[in-house]
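Here is a short report for a reader who is new to this chain. Please look over the sequence and the 3D view before reading on.

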Amino acid sequence: MQIVLPIEQMGDFNDKALAGFCLQRFEVLNWGTFDQRPWVMDLQGNIALLTGANGSGKSTLVDGLLTLLVANKRRNYNQASSMTGKNERTEISYVRGAYSHTRDEEFHRSKSKVLRDKGKPSVLLAYFSDRVSKQDVTLAQVLWMQDGSVRKFFVVADAELTIASNFTQFTHIPDLKKQLKALGAETFEKFVDYSQQFRKRFGLESEKALDLFNQTVSIKEIGGLNDFVRNHMLEKADVQTKIRELQESYENLTISHTAIQNARKQLEALLPLTTEAEKYTKLKKEVAKYQESKDVAPAFFASKKLDLLTQELQKIEQNLTQLRHQRVESDRRLSELRDQDKQLYSAIDKDSDGQRLQELTREIKQCHDEVKTKRRQAQDYDRLAQLLNLIQYTDSTTFFANRTQGEELKREIETALQTLEAQRDQQILLGSDLQKQQAKLNDELESLRSRKSQIPKRNLDIRDRLARDLNLNDTDLPFVGELLQIRKEAQEWEGAIERLLGGFGLSVLVSEAHYQAVNTYANQTDLKGRLVYYRVTASTPNPTQRALDPDQVPHKLEIKQDNGRFSHWLRDQLVRQFNYVCCDEEQFQHEIRAITRTGLIKHSKERHEKDDRSRISDRSQYILGWNNASKINALETELSQVNKQLTQIEKEIQSLDSQLKKRRQQTSSLENFMRFTDFSEIDWRSVELECQNLQKQKQQLEASSDHLKQLKAQLQSTQDEIAQVEQRREALIREIQTFENQQRQAKTEQSHCQKKLQSVAASAIEEFATRMAVKLRQYTMTLEAIAQDESDLQKYLEQELRQRERQQDDSRSALTIRMLNFKNAFPEITVELGTTLDFLDEYLKLKTQIEHDDLPRHQERFKRLMTGKVIEAIVGFKAQLEKQEEEIEENIDELNKSLRQVDYTGSTYIELCYEPSRNREIRDFKQDLQICLGDAIQQSAEDNEQRFYNIQTRLIERFKSQEQRWTNLVTDVRNWLDFSVIERYRSDKI
């Protein structure tokens, strides 16, 4: 092997032409077949040509230089000497000095021959120097075999080092490191740190230049330019992983798409059945409705007739009262007239004017006294009527109408009093409950402010009594909730975990030392509450225990470490009992034990639980942790709300008391008002009219001299009035008898109506009236016509009922046929279903499940897979390919910057050009990628369906059906660009 340095014969190279760090010397020790001593290539910073026969060690030296500059995972050993592309050389073979093979007869395989023992170190060293800046850099690696693998460290020194002077005088590797550090050199255990330091010194911003060096340094021959650039200057990226991810994502999408299609077919088949079922259900309800209407109609008309009879009886009673009063007045007047008639007869017989004047004077005085008394009564009556918003004293008709209204007002007031008293009692009860809650909250807050834990006071009181009576500290009997709290990074799960650990957190931990005493105390003492405690036995941490799953409840909890015995036991219990997975709804379906953020808990495959008796975010219910500030705030907020409610209730009670007082005053006024039972008690106007008549008689008697004549005239007038009053009295008696007969008849009919109403609930009658409101408006509903109205409505209901029953029978037959058709079409989901109406609800439930659960779930999963995993997979696949294309272009651009510094002739340089490939298959593939993505804004079901078809036909099927040649061609981004070389003149300044 020979190194040729032809620089002096090839022209003038000044310092500027060789500016930058140049390789001055390359040395190896115990590298490959370069054994025993340092082997030196003294290049002096010039361009060198390395020649030699096959097997002389040319590739070994080149691979040594690669080992110094390129990381092991990207390094291409012995490429130039390999005709088959099979790489047989490794760091181990170079360090041990493998040079040949022999057959191992025992194991029947080939075995390498080596020059060196496993403990003998190898050294690689390269010395670089920049002639312009006068800077020196030495790179070195020391490699040795240990435990069957290569161990190494790396060296960077800002000075000239040699193997002979600096890397041979040591006994152990640590001694060598100390010697090198004493010389100012830096040592590194990792290549990445070493590479970063020497690239920083050489001014290499990235590793791309070294990658290109790695690709080109061992090239043996060059064919076409495209093949050279693609195969030797550019790395082939791994896209098969992305293709597999895309295919796997599409497989899941296909399963989801198939499920959607099946669900739609089932829904389409169930739609006629559902429509017919709705029709049947509607007819069934109508049949029941009309039958019920037929049954309730007699009671409805009875209630209407009862109302009409009640009104009629009120009118009859009012008329009877008025007529009876008029009869009494007639009797009274007739008695007065007959007395007057007797007196006039007697006066005529005696002809005594003076006696008559005295009688008239006495009668007039009595009459005026009666007017005064009745006027005072009338004034009281008017005052009470005004308070009750009734008509004041006018006539007897108004008087008796007022009494009727008074009875109604009495019932109204009694109802109002009952309602107000009930409302007041309810408010008092609410206030009492709130006062208890207020006291409970105050006690809880007082307790919380005196400690740090969130355990409720009732539980603490039991524990405190237990600890006090057993002469123990609280820390000897801790609650689980005092030793656990939610980690800050898991706060979103706080409410759900509080629900899950609610009962466990209120349990007390009892150590083995106190267990017997606690047992005895609990057994012999009325605890006034519930106590759950765990016996904690001594245990040691399990060193082989797996790390906590970050998605499970135990990982989201922090355990207080004050007592190792309790903390170790508690960790074990959490892992064994509460290894619930915190997950979303989709994952929840698949886990055996899981919990969602909303507090839905899956204890096993069968048992599920969700407790929404309080809000999941209600911190007043929380018990975990050793800081109760949040719970105090929550309870203070709740106490403030309770105080506001109490204030509002007190105001409401005051308002109700005020209303009750007004109603009771109204009751008192009404009682006084209803004491006026006879109109004559207040009818002072009639009496005053009699007074006027008596006064007129007196005046006439005093003014007339012919007393007898006047007396006879008065007698005749009195007799005429007696006849009129008797005639009116007889008419009143006949009229009273007529109304009494009507009253008896109405009461009899009223009794019949009440009997009809006894068998029907009032709510049923109200529903009937609402349901038949339109039809009922056709009837007059008078007392005279109500019997005919009832008969007409019953005929109408009978006709409608018979018609609906016939339609129901037809619908029943149609349903049976449609259920049979569906069962035949989808036997896999109707194995346990029959075709009778008994199974109709099951078919409808199946339709509801498919429509509202299965299909939306499949569609949501399809959309999530399409817009999420599938589109992300395509976007990632496309982005990776485009990024590779950009990186290739950037690498070529960087290479061209260097090529511009190298003369091709005295006035030109070489530039490597690239342009998009004109290959039709590649262009179609890039277009298909974009088509498969579609418009990101369009997310409808139709858009996703079209995307599914595009992905299937343009990518997935082609990846499966096309030969490997097509896949390799279109997914190897190196094929996306065509390369060419152009010679440019420096004078063009491009």
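## Trp39 and its neighbours

Trp39 has a relative accessible area of 30%, so this residue counts as partly exposed. Keep in mind that the model is a predicted one. Phe34 has a relative accessibility of 7% and therefore counts as buried. The two rings, Phe34 and Trp39, form an aromatic pair. Their centres are 5.2 Å apart, and the planes make an angle of 75°. That pair is edge-to-face.

Trp39 also has a charged partner. The charged end of Arg37 sits over the Trp39 ring, 3.6 Å from the ring centre.

## The six-stranded sheet

How are the six strands of the open sheet ordered? The order is E3-E2-E7-E8-E9-E10, and the pairing is antiparallel. Strand E3, residues 34–42, is one edge strand. Strand E10, residues 186–188, is the other. Each of these edge strands pairs on one side only. On average, neighbouring strands in the sheet are turned by 15° against each other, with direction ignored.

Look next at the E10 edge. Strand E9 covers residues 149–157 and is joined to E10 by three bridges. E9 and E10 run antiparallel. Phe154 stands opposite Phe188, which belongs to E10.

## Helices against the sheet

Which strands does helix H1 touch? H1, residues 58–69, packs on the sheet and touches E2, E3, E7 and E8. In residue numbers, E2 is 21–31, E7 is 122–130 and E8 is 135–146. The direction of H1 makes about 110° with that of E2.

Helix H5 spans residues 191–202. H5 lies across E2, E7, E8, E9 and E10. Against E8, helix H5 runs at about 165°.

## Aromatic rings elsewhere

The structure holds 26 aromatic pairs. One aromatic cluster brings together Tyr381, Tyr393, Phe399, Phe400, Phe673, Phe676, Phe679 and Trp684.

A charge over a ring is also found at Tyr796. There the charged end of Lys775 sits over the ring, 4.2 Å from its centre.

## Two buried residues late in the chain

Is Asp978 buried or exposed? Asp978 has a relative accessible area of 16%, so it is buried. The cut-off for buried is under 20%. This residue is found in strand E20, residues 977–985. Setting aside neighbours within four places in sequence, Asp978 is in contact with Asn226 and Arg230. Asp978 also contacts Cys913, Tyr914, Glu915, Pro916, Ser917 and Arg918.

Phe959 lies in helix H26, residues 941–961. With a relative accessible area of 9%, Phe959 is buried. What separates the C-alpha atoms of Phe959 and Arg244 in space? The separation is 9.9 Å, although the two residues are 715 residues apart along the chain.

## The chain as a whole

The chain has 990 residues, and 38% of them count as buried. Its secondary structure comes to 27 helices and 20 strands. Consider the contacts in the chain with a separation of 6 or more. Residues 24 or more positions apart account for 71% of these contacts.

The chain exposes about 57,200 Å². Carbon and sulfur atoms supply 47% of that area.

How values were computed. Residues numbered from 1 in each chain as written. Predicted model: local features only at pLDDT ≥ 70, side-chain atom pairs only at ≥ 80, totals over all residues. Heavy atoms only, no water. Pairing = 2+ DSSP bridges. Helix = DSSP H or I, 4+ residues; strand = E, 2+ residues; numbered from the N terminus. Axes fitted to C-alpha atoms, helices over the stretch in contact; angles between N-to-C directions. Contact = heavy atoms within 4.5 Å. Phe/Tyr/Trp six-rings, centres within 6.5 Å; stacked < 30°, edge-to-face > 60°. Buried < 20%, exposed > 50% of the residue type's maximum accessible area, 1.4 Å probe, protein only. Lys NZ or Arg CZ within 6 Å of the ring centre and 35° of its normal. Areas by Shrake-Rupley, 256 points an atom, 1.4 Å probe, with all protein chains shown as cover.
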